[in-house]
Amino acid sequence: MSPADSEKPLETILKAEADPITADEELMRRILFGRKFGFHPKENPPVLLGAFMPRRDETEGISMNRRACGVEPIALKNAAPLQVREKCGVVSLLVEAVETAGLHVASLPEPSGLPGHVVIPELNSTDSESVDEQKRNRVRAWAQSLASAATTLIEARK
Amino acid sequence: MNTNRATSATEQLGSEADWLEIIEETSKLQLSADWDGAGANSIQPALVRSTIAFLERSRHEGQPVPDAVYPLSSGSIIAEWHNEDRSRLSAEIREPGRVELMHWFPDRPAEFSSIPIPESCGSAASPPTLLEEALGNRSFETTA
C-alpha cells in the first residue's frame, strides 16, 4: 500500500479476486521453521529457502494470498491446521520479485478459504520431488531467489 | 550491516556451544508423517543420523555453524548458511549418505554439486568441495 493509498477509502484500495494481479502487490505465504539459531543473531533474519519450497500437497504450485484482497497476516496464520498453528509464521514479497525471478502468479480462488488465493505454478511439488535432478535444482534456485527477496511479517516459532 | 566491532574467529565460526545446540536441535527432527498438517513425509531416523554426520564433518573441518537446519515437507533436511555478500549455501540431505549442495548468488546462476557423507567425522580427506569453496572465505555480518 502506497502512502497515497492511506488516504483512500478502504473499498477503493481492496481488490476483488477477479482484478488483475499487479507487480506492486504484496503476496503472503504461511511458513514453518523460520527460526534462526542463536549464532550471530540479526535483527531481521533472512527468510529461509524452505519458506518457498513446495509442500507435498502443492502439486499446482505454492500457495500464497494477495494482501490487496483484504487478507491480514494474522488471518493467514490462523488459517493453518490446528496442530501447527502456533508455530506458523508469515512472510511476504512483491509480485515484482516473482516476475523478476522468471516466474508468474496465477489466481486460484478457494471458495472455502481466504480471499485472494494464488499459486506460483513453476514451484510445484511434482518438480521439487522429481527424480530428475535438474528439475529439483531449478525449483531450489527459484525458491532461494524468492526467499532472498522476501520479508518476515510474523516470525515462525521453533 | 553493523561493523562497529571486530568479529572474532569464534563469532565467525560459531562456538562449541553453537555447534552442540544445532546438532541437538537436528537430532529432534525425527518427525512423524504429516508433521506440517499438510501431508508431509516423515523424517526418517537414518536421514537425521546422516545430517548429523554431515554437520559433524563440517564442524571437524572448521566450517561455520549453519544459520538454520530444518525439515522439508518432502521428508528431506536442509542446512543453510547466509553470507554477507548475499550469497547463500544450502545443503539438502534427501537420502542417507549423500548431500546436495547449492551455492546461490544474487547476480549469477546458482552452482550445484553432490557429495557423499562419511559415516563418521575425520574420515579420509576428500577433495575440495563446493561446501569448502563456498564457506572457506566466508565473511560475516555482525550485530552489535
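The following exchange examines how the terms applied to this predicted two-chain model rest on their criteria.

Author: This is a predicted model, in which local features need pLDDT of at least 70, side-chain atom pairs count only at pLDDT 80 or more, and totals for chains, interfaces and linings use all residues. Residues are numbered from 1 along each chain as its sequence is written, while chains are lettered from A and ligands numbered from 1 in the order in which they are written.

Reader: How do you know what confidence the predictor places in chain A?

Author: The quantity is pLDDT, the predictor's confidence in each residue, from 0 to 100. Chain A averages 88, and 85% of its residues score at least 70. Over residues 36–41 of chain A, however, pLDDT stays under 50. For that stretch the model has 20 contacts beyond four places in sequence, a contact being two residues whose C-beta atoms, placed from the backbone, lie within 7 Å.

Reader: What makes up the secondary structure of each chain?

Author: Helices (H or I, at least four residues) and strands (E, at least two) are DSSP runs, numbered from the N terminus. On that basis chain A has five helices and six strands, following the pattern α-β-β-α-β-α-β-β-α-α-β along the sequence. Chain B has four helices and five strands, and its pattern reads α-α-α-β-β-β-β-β-α. Among contacts with a separation of 6 or more, residues 24 or more positions apart account for 78% in chain A and for 54% in chain B.

Reader: Why are helix 2 and helix 3 of chain B called roughly antiparallel?

Author: Axes are lines fitted to C-alpha atoms, for helices over the stretch in contact, and angles run from 0 to 180 degrees between N-to-C directions. Angles under 35 degrees count as roughly parallel, over 145 as roughly antiparallel, 65 to 115 as roughly perpendicular and the rest as oblique. The axes of helix 2 (residues 16–27) and helix 3 (residues 45–60) of chain B come within 9 Å and cross at roughly 170°; the two helices are therefore roughly antiparallel.

Reader: Which residues make that contact, and how do they divide by character?

Author: Helix 2 of chain B contributes Trp19(B), Ile22(B), Ile23(B), Thr26(B) and Ser27(B), and helix 3 of chain B contributes Val48(B), Thr51(B), Ile52(B), Leu55(B) and Arg59(B). These residues divide into six nonpolar, three polar and one charged (Ala, Val, Leu, Ile, Met, Phe, Trp, Tyr, Cys and Pro count as nonpolar, Asp, Glu, Lys and Arg as charged, and the others, Gly among them, as polar).

Reader: What makes strand 1 and strand 5 of chain B edge strands?

Author: Two strands pair if DSSP finds at least two bridges between them. The open sheet of chain B has five strands in the order 1-2-3-4-5, with antiparallel pairing. Strand 1 (68–71) and strand 5 (111–116) each have a single partner strand, so one side of each is left without a neighbour in the sheet. The twist averages 20° from one strand to the next. Four bridges join strand 1 to strand 2 (residues 77–82) of chain B, with Val69(B) opposite Ala79(B).

Reader: How do you know that strand 1 of chain A pairs with strand 2 and strand 3 of chain A?

Author: Strand 1 (residues 26–31) and strand 2 (residues 62–66) of chain A share two bridges, and strand 1 shares six with strand 3 (residues 89–94) of chain A; both pairings are antiparallel. Leu27(A) stands opposite Arg66(A) in strand 2 and opposite Leu93(A) in strand 3. The sheet of chain A is open, with six strands in the order 4-5-2-1-3-6.

Reader: Why is Asp34(B) called partly exposed, and Arg86(B) exposed?

Author: A residue is buried if 20 or more other C-beta atoms lie within 10 Å of its own, exposed if 12 or fewer, and partly exposed in between; C-beta atoms are placed from the backbone. Asp34(B) has 16 such neighbours and is therefore partly exposed, whereas Arg86(B) has 12 and therefore counts as exposed. Asp34(B) lies in the loop between helix 2 and helix 3 of chain B, and Arg86(B) in the loop between strand 2 and strand 3 of chain B.
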